[in-house]
Amino acid sequence: QVFTGRPIERLEIKNTDIQDVIRLIGRSSGYNIVIGEDVTGKIGALSLENIPWDQAFALVLQSKKLGYVRQGNVLRVATLAALKSEKEEIAAVEQSKVKAESLRTVIIPISYAKATDLAPKGKALMSERGSMEVDERSNSIIVRDIDRSVGKMQKLYAMLDTQPPIVSVSAKVVEMKS
């Protein structure tokens with residue numbers, strides 16, 4: 001990891017509350033710091049010289065199994081367990097939104113390629129609830145999925161369905177009589 005923060009000349013701490021240490025390092029950072037209620041404990045001893053503030057910050061957090069989330073110019077400090085559960089909750093909310101979103105059916109005409117060849121390339125963009133069929137007669141792909149996935153697949157197929165290069169051969173016949 002590369003540390004680029006402004007160096008702290010000297011930081012010596014003995015038996016100090018972790019929140020006070022984080023606030024002290026935060027003053028050197030130029031960021032606003034929000035510390036969660038679950039951040040507790042003391043730092044036994046800390047002696048650092050000419051160290052970038054972000055490295056000192058990372059060391060202090062690591063020693064107490066803490067983490068942070070940066071939002072603009074704010075660093076929010078919490079326990080790793082709290083940050084992990086927060087991410088899981090956000091993922092669960094996002095997944096429930098996808099499950100609640102209505103499905104949309106779109107027919108995507110394919111002009112230059114074979115729909116049977118292009119269809120598998122869009123499968124990775126489908127949601128869990130999505131489905132796809134190929135109509136060989138009209139050379140089209142029928143997609144039933146949520147709006148976000150349908151839009152991505154339309155863009156993908158528009159980019160992939162391009163006209164193959166055409167080679168043009170022309171000749172002139174010249175007849176000369178002497």
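Me: Which residues does V39 touch, leaving out those up to four places away in sequence?
Reply: This is a predicted model, so what follows describes a computed structure. A touch here is a contact, so heavy atoms have to come within 4.5 Å. With residues up to four places away in sequence set aside, V39 touches I18, Q19, I22, L66, V77, A78 and T79.

Me: And is V39 buried or exposed?
Reply: V39 sits in the loop between β2 and β3 (42–52). The cut-off for buried is under 20% relative accessible area. V39 has a relative accessibility of 1%, so this loop residue counts as buried.

Me: How far is V39 from G122, C-alpha to C-alpha?
Reply: Let's start with the sequence: V39 and G122 are 83 residues apart along the chain. In space, their C-alpha atoms are separated by 45 Å.

Me: Let's zoom out. In what order do the helices and strands come?
Reply: The chain holds five helices and eight strands. Reading from the N terminus, those elements run β-α-β-β-α-β-β-α-β-α-β-β-α.

Me: Why is the chain said to be more spread out than a compact globule, and what is its radius of gyration?
Reply: For 178 residues the globule rule gives 16 Å. The chain goes well over that, so it is more spread out than a compact globule. Its C-alpha trace spans about 105 × 60 × 20 Å along the principal axes. The radius of gyration itself is 30 Å.

Me: How much of the chain counts as buried?
Reply: Let's look at the surface too: the chain exposes about 12,600 Å², and carbon and sulfur atoms supply 51% of that. As for the buried share, a residue needs under 20% relative accessible area to belong to it. Among the 178 residues, that share is 30%.

Me: Of the contacts between residues at least 6 apart in sequence, what share joins residues at least 24 apart?
Reply: The starting set is the contacts in the chain between residues at least 6 apart in sequence. Within that set, the share joining residues at least 24 apart is 64%.

Me: How far apart are the mean positions of the positive and negative charges?
Reply: The chain has 26 positive and 22 negative charges. Take the mean position of each group, and the two points are apart by 2 Å.

Me: What kind of aromatic pair do Y31 and W53 form?
Reply: The whole structure has three aromatic pairs. In the one made by Y31 and W53, the ring centres are 5.8 Å apart and the planes meet at 50°. Under 30 degrees would count as stacked and over 60 as edge-to-face, so this pair is tilted.

Me: Where in the chain do the two partners sit, and how many residues apart are they?
Reply: Y31 is in the loop between α1 (18–29) and β2 (32–35), while W53 is in helix α2 (residues 53–63). The pair links distant parts of the chain, with a separation in sequence of 22 residues.

Me: Which residue of that pair counts as buried?
Reply: Y31 has a relative accessible area of 25%, so Y31 is partly exposed. Its partner has 11% relative accessibility, and the residue that counts as buried is therefore W53.

Me: Which residues make up the aromatic cluster?
Reply: Y31 and W53, the tilted pair, both belong to the cluster. F57 and Y68 belong to it as well. Together, the cluster is Y31, W53, F57 and Y68.

Me: What is the phi of N15?
Reply: Most residues other than glycine have a negative phi. N15, in strand β1 (residues 7–17), has a positive one although it is not a glycine. N15 is also exposed, with a relative accessible area of 52%. Its phi is about 50°.

Me: How far apart in space are D147 and R104?
Reply: D147 belongs to helix α5 (residues 147–160) and is partly exposed at 39% relative accessibility. Beyond residues up to four places away, D147 touches E101 and R104. D147 and R104 are 43 residues apart in sequence, yet C-alpha to C-alpha they are apart by 6.5 Å.

Me: Which residues does P7 touch, again leaving out those up to four places away?
Reply: P7 lies in strand β1. P7 counts as exposed, at 53% relative accessibility. Outside its sequence neighbours up to four places away, P7 touches I51 and P52.

Technical notes. Residues numbered from 1 in each chain as written. Predicted model: local features only at pLDDT ≥ 70, side-chain atom pairs only at ≥ 80, totals over all residues. Heavy atoms only, no water. Helix = DSSP H or I, 4+ residues; strand = E, 2+ residues; numbered from the N terminus. Rg over C-alpha atoms; globule rule 2.2 N^0.38 Å. Buried < 20%, exposed > 50% of the residue type's maximum accessible area, 1.4 Å probe, protein only. Areas by Shrake-Rupley, 256 points an atom, 1.4 Å probe, with all protein chains shown as cover. Lys, Arg positive; Asp, Glu negative; His and termini not counted. Charge placed at Lys NZ, Arg CZ, Asp CG, Glu CD. Phe/Tyr/Trp six-rings, centres within 6.5 Å; stacked < 30°, edge-to-face > 60°.
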